[in-house]
Amino acid sequence: MPNTVGILSPGDMGHTVGNVLRENGLRVITCLHGRSQRTHELAEKAGIVDVPTYPQLVTEADLILSIMVPAQATSAAQLIAGALRQTDTTLTYADCNAIAPSSFQDE
């Protein structure tokens with residue numbers, strides 16, 4: 001079982017999931033770099049810790065949950081892939097977004 005869960009992004013759904021995880025004893029982190037003031041406020045309300053960089057997020061998290069609008073999911077996954085390439089880290093990444101696998105057939 002993970003001790004630290006990273007949330008991408010603590011918006012409407014993500015901050016609620018993060019809050020439930022935190023209330024059940026897990027440390028919950030996110031990287032709010034480039035995010036809106038509203039997202040910052042939702043993360044703070046849920047008790048989600050903001051780490052300054054994506055490499056720090058992937059090194060501290062045991063699991064990352066991607067919970068966001070589908071239009072942003074691919075770019076978020078690319079950010080995490082880049083951070084993993086910069087670090088010597090292994091973690092589990094769960095894409096909890098409504099994206100059909102057929103979306104990637106042409107890549």
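Guide: pLDDT is the predictor's confidence in each residue, from 0 to 100. This chain averages a pLDDT of 90, and 90% of the residues score at least 70. The model is predicted, so local features need pLDDT of at least 70 and side-chain atom pairs 80 or more, while totals for chains, interfaces and linings use all residues. Residues are numbered from 1 along each chain, and side-chain values use heavy atoms, without hydrogens or water.

Visitor: What makes G14, H15, G18 and L21 the buried residues of helix 1?

Guide: Buried means under 20% relative accessible area with a 1.4 Å probe, protein chains only. In helix 1 (residues 14-23; a DSSP run of H or I, at least four residues), G14, H15, G18 and L21 meet that limit. They lie on the same side of helix 1, because the directions from the axis to their C-beta atoms cover an arc of only 120°.

Visitor: What covers the buried residues of helix 1?

Guide: Among the elements in contact (heavy atoms within 4.5 Å) are helix 2 (37-46) and strands 1 (4-8), 2 (27-30) and 4 (63-66); a strand is a DSSP run of E, at least two residues.

Visitor: Which residues line the second largest pocket?

Guide: A pocket is an open set of points on a 1 Å grid over the protein atoms alone, where a 1.4 Å probe fits, with protein on both sides within 12 Å along at least five of seven lines; lining residues have an atom within 4 Å of a point. By that rule the lining includes L8, R35, Y54, M68 and Q72. Helix 4 (residues 70-86) gives the largest share of this lining, four residues.

Terms used: Buried < 20%, exposed > 50% of the residue type's maximum accessible area, 1.4 Å probe, protein only.
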